[in-house]
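Subject: Structure for you to look at

Hi,

Here is the structure I promised to pass on. Please open it beside this message; my notes follow below.

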Amino acid sequence: MAEESQAQAPAQALVFAVKTTANQERSVANLIAMVARKENYDIRSILAPEELKGYVLVESPMHEIVEHAIQNIPHAKAVVRGASSIAEVQHFLAPKPVVTGISEGDIVELISGPFKGERARVKRVDQTKEEITVELSEAMVPIPVTVRGDIVRVLSKEEVKQ
């Protein structure tokens, strides 16, 4: 009877941080996933957020499971002491708009597409469509061009006039 209640309600999963070599987070996450599948470990999810350099987040009910999973994985150094809840890492799960940080008047460089390498000034930012309208700097006639927000890199910000 006690076994039936355990089967119905799985143990509460916690989130553990695994310290990794910088810029190896994604490969460590992939290797943890392979080991978990092969050894049938109770690892429910693995997250390697770009904002969190040098760490991979692993969801599992027990610290020991994560310890065993990373034992022979290169670039996985150790499991950080303590655990987090899902609520504490929730902000890593929601995607951020790509036009965040871009405002009207900024000087940007287009990094792909037909205007790759061109500099432009931002004329309008559309948060909902994640698009920006830019005016190319080197063009003879100023023509507004609408591009996706992920194909530009901000070079300089517009100074706020007081």
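Ala36 is buried, because its relative accessible area is 9% and the cut-off for buried is under 20%. Ala36 belongs to helix α2, residues 25–39. Beyond its neighbours within four places in sequence, Ala36 is in contact with Tyr41 and Ile43. Its C-alpha atom is 9.4 Å from that of Ile70, and the two residues are 34 apart along the chain. Please keep in mind that this is a predicted model.

Next, the loop after that helix. Asn40 sits between α2 and β2 (45–47). Its phi is near 60°, a positive value in a residue other than glycine. Asn40 is exposed, with a relative accessible area of 69%. His75 also has a positive phi, near 75°, and is likewise a residue other than glycine. Look for His75 in the loop between α3 (63–70) and β4 (76–79). His75 is partly exposed, at 37% relative accessible area.

Now the charged pairs. Side chains of opposite charge can pair when their charged atoms come close. How many salt bridges does the structure hold? There are four. Here are three of them, pair by pair.

- Glu109 and Arg153: the closest N and O atoms are 2.2 Å apart. This pair links distant parts of the chain, 44 residues apart. Glu109 is in strand β5 (residues 107–110), and Arg153 is in strand β9 (residues 152–156).
- Arg44 and Asp42: the closest N and O atoms are 3.2 Å apart. Arg44 has 34% relative accessibility, so it counts as partly exposed. Asp42 has 32%, so it counts as partly exposed too.
- Arg148 and Asp150: the closest N and O atoms are 3.1 Å apart. Asp150 is partly exposed, with a relative accessible area of 42%.

Back to the β5–β9 pair for a moment. Is Glu109 buried or exposed? Glu109 counts as buried, because its relative accessibility is 19% and buried means under 20%. Its partner Arg153 is partly exposed, at 43%. Arg153 has other contacts to check. Setting aside neighbours within four places in sequence, Arg153 is in contact with Ile107, Val108, Glu109 and Ile111. Leu93 is another matter: Arg153 and Leu93 are 60 residues apart in sequence, and their C-alpha atoms are 24 Å apart in space.

On the rings, there is one charge to look at. Lys19 lies over the face of Tyr55, at 5.0 Å from the ring centre. How many aromatic pairs does the structure hold? It holds zero.

Last, the surface. Which residues make the nonpolar surface patch of about 380 Å²? They are Met140, Val141 and Ile143. Ile143 is placed in the loop between β7 (131–136) and β8 (144–148).

If you have only a few minutes, start with these residues:

- Ala36, buried in helix α2.
- Glu109 and Arg153, the salt bridge between β5 and β9.
- Asn40 and His75, for their positive phi values.
- Met140, Val141 and Ile143, for the nonpolar patch.

Best wishes

Terms used:
Residues numbered from 1 in each chain as written. Predicted model: local features only at pLDDT ≥ 70, side-chain atom pairs only at ≥ 80, totals over all residues. Heavy atoms only, no water. Patch = residues over 30% accessible without salt bridge, like charges linked within 9 Å, V, L, I, M, F, W, Y side chains within 5 Å. Areas by Shrake-Rupley, 256 points an atom, 1.4 Å probe, with all protein chains shown as cover. Salt bridge = Lys/Arg side-chain N within 4 Å of Asp/Glu carboxyl O. Helix = DSSP H or I, 4+ residues; strand = E, 2+ residues; numbered from the N terminus. Buried < 20%, exposed > 50% of the residue type's maximum accessible area, 1.4 Å probe, protein only. Phe/Tyr/Trp six-rings, centres within 6.5 Å; stacked < 30°, edge-to-face > 60°. Lys NZ or Arg CZ within 6 Å of the ring centre and 35° of its normal. Contact = heavy atoms within 4.5 Å.
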